[in-house]
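Visitor: I have a chain in front of me and would like to learn how to read it step by step. Could you take my questions in turn?

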Amino acid sequence: MAEPVARFSVSQFLAAGARPPSIVRFERLYLASFVVSLLGWAFSWQSTADRLAVDPKTAPFGWLLPLALLLSCAITLLLWYLVARRASAAAKWVVTILTALAAVRFVINLNVVFRGPVPMTALLLSAAILALGLAATWQLFHADARAWFGEETDGGDGVVTDGDGQ
């Protein structure tokens, strides 16, 4: 008799298991940010495609839009996997740097908001993506997350050691 096939369950997939609470929260916030960014892509897709098509210099490069989406998704999901499932300290720092750059970009883009009309949906989605990203990244620096990445702490004062007690 054939064995039953295990059913996929989102709640089971996102369950904590042996991972620390901060990493579970990171995962949930990071994936929520990813979903909201996909909504942003969906809302802005046509206007971005139209802007590319109107300019003779960029019209031949309309194929870059789906490629950019695919690449963005691949990088985001790879970083999620490496941080939340493989405890990669290098990926933790890549996420941190990309989140910091996103915060800087958001602040710079506020100039655009003050100079002209920007769709409120785009502004709200950008703010939500940034807030979720910042909250997710913050989780990576809690004590239990540092232990997940193999970073030792000296016992609670928040100082990370290099493993040699220094």
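Visitor: Is Gly 62 buried, partly exposed or exposed, and what is its relative accessible area?

Guide: The model we are looking at is a predicted one. Gly 62 sits in the loop that links α2 to α3. A residue is called buried under 20% and exposed over 50%, with partly exposed in between, so Gly 62 counts as partly exposed, its relative accessible area being 33%.

Visitor: Which residue of α2 can be paired with Gly 62, and how far apart are the C-alpha atoms of the two?

Guide: The partner is Arg 51, which stands 11 residues from Gly 62 along the chain. Arg 51 belongs to helix α2, and because its relative accessible area is 56%, Arg 51 is classed as exposed. Between the C-alpha atoms of Arg 51 and Gly 62 the separation is 9.6 Å.

Visitor: How many helices and strands are in the chain, and in what order do the elements run?

Guide: The chain contains 6 helices and 2 strands. Read from the N terminus on, the order of the elements is α-α-α-α-α-α-β-β.

Visitor: How are α2 and α5 oriented towards each other?

Guide: Helix α2 covers residues 21-54 and helix α5 covers residues 120-139, and the two pack with their axes 8 Å apart at an angle of about 160 degrees. Angles over 145 degrees count as roughly antiparallel. The crossing of these two helices is also left-handed. The angle therefore makes α2 and α5 roughly antiparallel to each other.

Visitor: Which residues meet where α2 packs on α5, and how do they divide into nonpolar, polar and charged?

Guide: On the α2 side the contact includes Arg 25, Phe 26, Leu 29 and Val 36, while on the α5 side Leu 125, Ile 129 and Leu 132 are among the residues met. Divided by class, the residues of this contact are 13 nonpolar, 8 polar and 1 charged.

Visitor: How is α2 oriented towards α3, and how do the residues of their contact divide by class?

Guide: The axes of α2 and α3 come within 11 Å and cross at roughly 175 degrees, which means that α2 is roughly antiparallel to α3. Among the residues of α2 in this contact are Ile 23, Trp 41 and Trp 45, and among those of α3 are Leu 69, Trp 80 and Val 83. By class, the contact of α2 with α3 has 20 nonpolar, 3 polar and 1 charged residues.

Visitor: Which word describes the orientation of α3 and α4 to each other?

Guide: The axes of α3 and α4 come within 8 Å and cross at roughly 130 degrees, and the crossing is left-handed. From α3 the contact draws on Leu 79, Leu 82 and Val 83, and from α4 on Ala 91, Lys 92, Val 94, Val 95 and Leu 98; by class these are 7 nonpolar, no polar and 1 charged. An angle of this kind is neither roughly antiparallel, which needs over 145 degrees, nor roughly perpendicular, which needs 65 to 115, and α3 and α4 are therefore oblique.

Visitor: What is unusual about the phi of Ala 87, and what is its value?

Guide: Most residues other than glycine have a negative phi. Ala 87 lies in the loop between α3 and α4, and its relative accessible area of 21% makes Ala 87 partly exposed. The phi of Ala 87 is positive although the residue is not glycine, with a value near 55 degrees.

Visitor: Is Ser 88 buried or exposed, and which residues is it in contact with beyond four places in sequence?

Guide: Ser 88 is placed in the loop between α3 (64-84) and α4 (89-115). Because its relative accessibility is 18%, Ser 88 counts as buried. Leaving aside neighbours within four places in sequence, the residues in contact with Ser 88 are Leu 82, Val 83 and Phe 149.

Visitor: Which residues touch the most other members of the largest nonpolar core?

Guide: In soluble globular proteins, nonpolar side chains tend to be buried together. In this chain α2, α3 and α4 each supply at least two residues of the largest nonpolar core, which has 14 residues. Phe 149, for example, touches Ile 23, Val 83 and Leu 140 among others. The residues touching the most other members are Ile 23, Phe 26, Tyr 30, Val 83, Val 95, Leu 140 and Phe 149.

Methods:
Residues are numbered from 1 along each chain as its sequence is written. This is a predicted model: local features need pLDDT of at least 70, side-chain atom pairs count only at pLDDT 80 or more; totals for chains, interfaces and linings use all residues. Side-chain values use heavy atoms; hydrogens and water are left out. Axes are lines fitted to C-alpha atoms, for helices over the stretch in contact, and angles run from 0 to 180 degrees between N-to-C directions. Helices (H or I, at least four residues) and strands (E, at least two) are DSSP runs, numbered from the N terminus. Angles under 35 degrees count as roughly parallel, over 145 as roughly antiparallel, 65 to 115 as roughly perpendicular and the rest as oblique. A crossing is left-handed if the near helix is turned anticlockwise from the far one by less than a right angle, and right-handed if clockwise. Contact means heavy atoms within 4.5 Å. Ala, Val, Leu, Ile, Met, Phe, Trp, Tyr, Cys and Pro count as nonpolar, Asp, Glu, Lys and Arg as charged, and the others, Gly among them, as polar. Buried means under 20% relative accessible area, exposed over 50%, partly exposed in between (1.4 Å probe, protein chains only). A nonpolar core is a set of buried Ala, Val, Leu, Ile, Met, Phe, Trp, Tyr and Cys residues joined through side-chain atoms within 4.5 Å.
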